[in-house]
Amino acid sequence: MLYPHDIEYKLGFDKIRELLRKRCSGEQGQRNVDKIRFSSNKELIRKLCRQTGEFMNMIAAGEQLPSLNYPETRDILKKIHVQGVFLEP
């Protein structure tokens with residue numbers, strides 16, 4: 001647990017999170033933003049920094065970024081939990 005308990009609010013991270021949520025094209029992206037938390041795990045931080053660096057390099061090189069604008073499937077996928085129900089293509 002971080003000290004103080006309201007560190008995200010004090011640093012303005014709540015505002016950054018809200019800006020990110022507004023840029024999401026779907027509900028899943030918004031849920032992913034809501035999961036973002038501060039971390040003291042050095043390996044996780046290094047991994048995320050490497051990923052961010054790769055993303056920045058792609059943008060700087062003018063590469064096309066893959067589209068992540070997929071239709072919302074959460075409700076549809078709930079149906080597969082019911083035995084005998086099949087999804088249509």
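Start by selecting Glu27, which is partly exposed at a relative accessible area of 48%. You are looking at a predicted model, so keep the confidence colouring handy; pLDDT here is the predictor's own confidence in each residue.

**Glu27 and its partner**

Add Arg31 to the selection. Glu27 and Arg31 make a salt bridge, with 3.7 Å between the closest N and O atoms. Both residues belong to helix H3 (residues 27-35), where they sit 4 residues apart, about one turn of the helix. Check the burial of the two ends: Glu27 is partly exposed, while Arg31 counts as buried because its relative accessibility of 19% falls under the 20% cut-off.

**Zoom out**

Now show the whole chain as a cartoon. The protein has 5 helices and 0 strands, so a run from the N terminus reads α-α-α-α-α. Colour by pLDDT and the mean comes out at 83, with 90% of residues reaching 70 or more. Which elements have the lowest and the highest mean pLDDT? Helix H5 (residues 74-78) has the lowest at 76, and helix H4 (residues 42-60) has the highest at 93.

Switch on the surface next. The accessible surface is about 8500 Å², and carbon and sulfur atoms account for 58% of it. Buried residues make up 7% of the 89 residues in the protein. For contacts between residues at least 6 apart in sequence, 30% join residues at least 24 apart.

**Arg17, a buried arginine**

Go to helix H2 and pick Arg17. Is Arg17 buried or exposed? Arg17 is buried, as its relative accessible area is 13%, under the 20% limit. Show its surroundings, skipping neighbours within four places in sequence, and you find contacts with Glu8, Val33, Asp34, Ile36 and Arg37.

Stay with Glu8 for a moment. The Glu8 and Arg17 side chains form a salt bridge at 3.0 Å, N to O. Unlike a pair with a partly exposed member, here both Glu8 and Arg17 are buried.

**Asp6 and Lys10**

Next, select Asp6 and Lys10. These two form a salt bridge as well, and their closest N and O atoms are 4.0 Å apart. Asp6 is partly exposed, with a relative accessible area of 26%. Lys10 is exposed, because its 57% lies over the 50% cut-off. A search of the whole structure gives 5 salt bridges, and the pairs visited on this tour are among them.

**A nonpolar patch**

Turn the surface back on and select Ile16, Leu20 and Ile36. Together they form a nonpolar surface patch with about 220 Å² of accessible area. Ile16 sits in helix H2 (residues 13-23) and is partly exposed, with a relative accessibility of 41%. Ile36 has come up before, as one of the residues in contact with Arg17.

**Last stop: the cysteines**

Finally, select Cys24 and Cys49. How many disulfides does the structure have? The count comes to 0. Cys24 is partly exposed at 22% relative accessibility, whereas Cys49 is exposed, with a relative accessible area of 51%.

Methods: Residues numbered from 1 in each chain as written. Predicted model: local features only at pLDDT ≥ 70, side-chain atom pairs only at ≥ 80, totals over all residues. Heavy atoms only, no water. Patch = residues over 30% accessible without salt bridge, like charges linked within 9 Å, V, L, I, M, F, W, Y side chains within 5 Å. Areas by Shrake-Rupley, 256 points an atom, 1.4 Å probe, with all protein chains shown as cover. Helix = DSSP H or I, 4+ residues; strand = E, 2+ residues; numbered from the N terminus. Buried < 20%, exposed > 50% of the residue type's maximum accessible area, 1.4 Å probe, protein only. Disulfide = S-S within 2.5 Å. Contact = heavy atoms within 4.5 Å. pLDDT = per-residue confidence, 0-100.
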